[in-house]
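Visitor: I would like to learn how to read a structure like this one, feature by feature. Could you show me the model and then take my questions in turn?

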Amino acid sequence: MIIVIKKGLKPENIQEVLLKIKDLGASPHIVEGREQMTVSVLGKTEKISLKDFEVFPEIESVMRVSKPFKLASLAAKPNGSTFNIKGVMFGPGHFNIMAGPCSVESEDQTLRIAHAVKKAGATIIRGGAFKPRSSPYSFQGMGLEGLKILQKASRETGLPIISEAMDLEGLRMMMDYVDIIQIGARNMQNFALLKELGKIDKPILLKRGMSATVEEWLMSAEYILAGGNDKVILCERGIRTFDTQFSRNTLDLNVVPILKGLTHLPVVVDPSHGTGFRHLVAPMSLAGMASGADSLIIEVHDKPEEALSDGPQALLPSDFEALMKKLVQMGEIMGRKVQTEILDKKAS
Ligand code: PEP
Ligand code: MN
């Protein structure tokens, strides 16, 4: 159940509403929006109806949401969520591009690529310090040293950082370095980790599990939201495919308009992991924007043949620059202003 409250309800009345919900045997979760406050009511909601709150004219509606995801549902925020992450906007009317290497491999490599993607108009730098690799013998990431390198790249370029946390230990380490925590496909249903993410005050980019249904994915987002962290961004990164001869995964672009009809959370498309091959990244980036995504996350490497992970799918900086120009042009046609500069330094 979702209760929508217009601005203006006094704090003591909000407390009264919350107490009433608890008295009726359910548990309320407040989500503060700019225009309205939403209370998601979980548990026993059968006895609750709009009549219980008639005395408060600010209470606009009481909706029964039959879907298992409540806080993530579009009904909870029909206008969509908007986040300002250190001057980078996510949400309706905005479009931004995150870019960088798959892995932080050295200071030199990361700084070079960070400057290149910034010059081309990316507004967030990506790079893994903790890498989820299929083989224990593959490069596992630089760990804390990698986070320090990302911090240096961010200080030099002004770009906020997105990087993946694979476990609680890594998450704790990242709190002082990273602006957006990425949860990789392999951890989408790591419920212990999701519960911890609910308690922190940092935006989370939640990648879709390789074989996850839309509902499973949204339920994972719900874990984070129910824990009290309302800054969740979804990322489609391709799903398992039966034909891996020409693409690593099937980039499920159907899911973008599907999600837009189900949830208020921003949706990102990752054409790099979604395809696995450099020559597919530009066309699927444009298709991602056309499908209605809010942002793209793209792997870029200036020496992809030497990359320690995901070299075959990395764009060269020059290709990335050319793609950015096309995205800006396409954005104009679509009425989506592509953000190519950091707006301000305020996090929200
Ligand atoms: C990555 O972003 O480099 C990565 C490992 O992503 P995914 O979890 O989508 O495989
Ligand atoms: Mn990668």
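Visitor: Which residues surround ligand 1, and which of them are the closest?

Guide: Before the answer, please keep in mind that this is a predicted model. To read a ligand site, one begins with the residues around the ligand and then turns to the polar atoms. Here 13 residues surround ligand 1, and the closest are Arg126, Ala185, Arg186, Lys207 and Arg237. An oxygen atom of ligand 1 is 2.8 Å from an N or O atom in the side chain of Lys207, an oxygen atom of the ligand is 2.9 Å from such an atom in the side chain of Lys131, and a polar side-chain atom of His273 lies 3.1 Å from an oxygen atom of ligand 1. Taken alone, ligand 1 exposes 300 Å², of which the protein buries 97%.

Visitor: Which protein atoms are the donors of the manganese ion (ligand 2)?

Guide: For a metal site, one lists the donor atoms and then asks where their residues sit along the chain. The protein donors of the manganese ion (ligand 2) are Cys102 (SG), His273 (NE2), Glu299 (OE) and Asp310 (OD), at 2.0 to 2.4 Å from the ion. Written as a spacing in sequence, these donor residues follow C-x170-H-x25-E-x10-D. Because His273 belongs to helix H8 (residues 271–275) while Asp310 belongs to the loop between strand S14 (295–299) and helix H10 (317–334), the pair ties together parts that are 37 residues apart in sequence.

Visitor: Are His273 and Asp310 buried or exposed?

Guide: Both His273 and Asp310 are buried. The cut-off for that word is a relative accessible area under 20%, and it helps with the next residues as well.

Visitor: Where does Gln313 lie, and what does it touch?

Guide: For a single residue, one reads its place, its accessibility and its contacts together. Gln313 lies in the loop between S14 and H10, and its relative accessible area is 1%, so it counts as buried. Leaving out residues up to four places away in sequence, Gln313 touches Arg248, Ser272, His273, Gly276, Phe277, Arg278, Val281 and Glu299, and with the side chain of Arg248 its own side chain makes a polar contact at 2.6 Å.

Visitor: What does the side chain of Gln109 reach?

Guide: Polar contacts to the backbone are read in the same manner. Gln109 lies in helix H2 (residues 107–120) and is buried, with a relative accessible area of 3%. The side chain of Gln109 reaches the backbone oxygen of Ser103 at 3.0 Å, and a polar atom of that side chain lies 2.9 Å from the backbone nitrogen of Glu105.

Visitor: In the largest nonpolar core, which residues touch the most other members?

Guide: A core is read through its best-connected members and the elements that supply them. Of the 82 residues in the largest nonpolar core, Phe90, Ile181, Leu197, Leu206 and Phe320 touch the most other members. Helix H6 (residues 214–226) gives the most to this core, with six residues. Apart from this core lies another, of 17 residues, among them Ile3, Val17, Val41 and Ile48.

Visitor: Where is the place of Leu9, and with which residues is it in contact?

Guide: Leu9 has its place in the loop between strand S1 (2–6) and helix H1 (11–23), and with 8% relative accessibility it counts as buried. Neighbours within four places in sequence aside, Leu9 is in contact with Ile14, Val17, Phe56 and Glu58. The C-alpha atoms of Leu9 and Ile59 are separated by 8.1 Å, although these residues are 50 residues apart along the chain.

Conventions
Residues are numbered from 1 along each chain as its sequence is written. Chains are lettered from A and ligands numbered from 1 in the order in which they are written. This is a predicted model: local features need pLDDT of at least 70, side-chain atom pairs count only at pLDDT 80 or more; totals for chains, interfaces and linings use all residues. Side-chain values use heavy atoms; hydrogens and water are left out. A nonpolar core is a set of buried Ala, Val, Leu, Ile, Met, Phe, Trp, Tyr and Cys residues joined through side-chain atoms within 4.5 Å. Buried means under 20% relative accessible area, exposed over 50%, partly exposed in between (1.4 Å probe, protein chains only). Helices (H or I, at least four residues) and strands (E, at least two) are DSSP runs, numbered from the N terminus. Donors are N, O and S atoms within 2.8 Å of the metal (3.2 Å for Na, K and Ca); water is not among the atoms, so sites may look incomplete. A residue is near a molecule or strand if one of its heavy atoms lies within 4 Å of it. A polar contact is a pair of N or O atoms within 3.5 Å; within protein, one must be able to donate a hydrogen and the other to accept it, and residues adjacent in sequence count only if both atoms are side-chain atoms. Accessible areas come from the Shrake-Rupley method with a 1.4 Å probe; for residues, only the protein chains shown count as cover. Contact means heavy atoms within 4.5 Å.
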